[in-house]
There are 2 protein chains.
Amino acid sequence: MLVIHEVSKQTGISVRTLRYYEEIGLLFPTAKTEGGHRLYGEEELKTLQQIVFLKTLGFRLKEIQPLLNESWDWAESLDHQLAFVQAEQNKLKQMESAILGLQHALTIEGSLNESLIQKIIKLSTQENGKKQAFRQQIFSETDLKLIQKLPNINRNDPHSLEWISLLGQLRELKESYDAESASVQRIIKRMMEKAAEEYKGNESFLEKMWDIRKSSSQSEQLGLYPLAEDFLHFIDQAFTIYEAKNISKGDPQQ
Amino acid sequence: MLVIHEVSKQTGISVRTLRYYEEIGLLFPTAKTEGGHRLYGEEELKTLQQIVFLKTLGFRLKEIQPLLNESWDWAESLDHQLAFVQAEQNKLKQMESAILGLQHALTIEGSLNESLIQKIIKLSTQENGKKQAFRQQIFSETDLKLIQKLPNINRNDPHSLEWISLLGQLRELKESYDAESASVQRIIKRMMEKAAEEYKGNESFLEKMWDIRKSSSQSEQLGLYPLAEDFLHFIDQAFTIYEAKNISKGDPQQ
DNA sequence: CTTGAAAGTTACGCAACGTCATTTTGTACA
DNA sequence: TGTACAAAATGACGTTGCGTAACTTTCAAG
């Protein structure tokens, strides 16, 4: 027979919790002294372990109560609990990607003003149905697969991260440099290389995407992160300059 | 100016919630009528949207309060929240695998008695340190990789599932049939085929594992699901019979 | 001016304890 | 046997984000 403090030390369960479990009828002490001190036996310790274990499965105390009872439909409880836990995981995944989205938007924009938050809210509350319809209307099946691999502000994969950081750097440079400056052109070069690598053999898809990118209304329908008009213009300008130089260098005969 | 019911309809937020947000100082109505009825303007609707959005990121109301304030360290809040959300996901993943473990134990054993629960508790509360030490002591590096791919009661992959279901069927058959019966031998055959497929070229590893399996103390140290001694004996017997038949058939000259 | 709908204000309930504050009990030692 | 001190007991409030009564007051239409 152990006194409550001993049980607490052995199991790591707080004294308060043990008293609470008695209060809600989940675990009664084996006996009490005349003065009312609780005493716990071996059997109760086992039950306590079961309770703790079932809590690690995410069951609530009220659900644990019947489970302790011999002869209960464990199968159903477990199915139910599994479904619950998986649903919670999905919620958390959504939260995670939304947080990543905000963080990356912050990287791209440099600071977070109110209108940006409104933009993100709009993005995230957009119904999926509409996006789907728009996609299927504009793109071929092979294109649809490529869309899945586009860099996405809600993700954390290396490709997305690099695009995001490149955009962030461009936005910084735009403050002090022109589109033809060496710093800007270095970023553009990296972007071109990256695009060429990732979409080798799908150049037409790339062009189509860039056209959509430049139209903010179309971008919105696709659910792309909304870049400011002037920023897009800046990038387009820089691209044009880059290509002009590149053609004259790479193809000097013409 | 919208009256509270209108706001509720437009946003989906309950009237109670709007009043609660005022109560905790999160969102005040733009104005009130003489009689005390709340009136909300455009600005407040936007703020409300922000609140709702931030809730979808998993922030608590008290954390949202400062975020609504212009000029706040969003970056830190987001980092913190992301870490929190990821930690929660890990907890849920652990719950999920523990639940799967119980479900599969149920499949193998047919019913869940008290001692089984105790076994599972023991399994799940085993410290990882000890397992690691035991593994490294017994197995080579290449073996250690193979161990990761062993069927595991806490997982849900097709291989684990088939092994579990085969064991469950064997346990059922054991009630009414002998080790040499055709039904039992069919299961054993499937097990042999499966093992041969999955561990082709690693037969020595397979044998080592089966030896460990047959010793309940060693199995325990490795963290394998504890099968009853007599059940293991039954399986071993069935294996022996299978192999005897197989050798005489497959190699008739000897 | 009446009336019915909608708004308002308390206030309790939930989950699982943590954290005081205050009172008793148990036990070791003089 | 008295005392003192640790440990136990009880009671009650706090936490989070509302849902849900119960009861009263305001508003707008007729």
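In this predicted model, 76% of the atoms of DNA strand C within 4 Å of the protein belong to sugar or phosphate, and the rest belong to bases. The strand is surrounded by 20 residues, a residue being near a molecule or strand if one of its heavy atoms lies within 4 Å of it; the closest are Ser14(A), Tyr21(A), His5(B), Arg19(B) and Arg38(B). Residues are numbered from 1 along each chain as its sequence is written, and chains are lettered from A in the order in which they are written. Local features need pLDDT of at least 70, side-chain atom pairs count only at pLDDT 80 or more, and totals for chains, interfaces and linings use all residues, while side-chain values use heavy atoms, with hydrogens and water left out.

On the phosphate side, a polar side-chain atom of Ser14(A) lies 2.8 Å from a phosphate oxygen of DNA strand C, and a backbone N or O atom of Leu61(A) lies 3.0 Å from a phosphate oxygen of the strand. A base oxygen of DNA strand C, in turn, lies 3.0 Å from a polar side-chain atom of Arg16(A). Helix H2 (15-23) and helix H4 (61-68) of chain A, together with helix H1 (4-11) and helix H2 (15-23) of chain B, each give two or more residues to the surface near the strand, helices being DSSP runs of H or I of at least four residues, numbered from the N terminus. The largest share, four residues, comes from H2(A).

Elsewhere, Leu100(A), placed in helix H5 (residues 74-109) of chain A, counts as buried because its relative accessibility is 5%, the limit for buried being under 20% relative accessible area (1.4 Å probe, protein chains only).

Key: A polar contact is a pair of N or O atoms within 3.5 Å; within protein, one must be able to donate a hydrogen and the other to accept it, and residues adjacent in sequence count only if both atoms are side-chain atoms. Buried means under 20% relative accessible area, exposed over 50%, partly exposed in between (1.4 Å probe, protein chains only).
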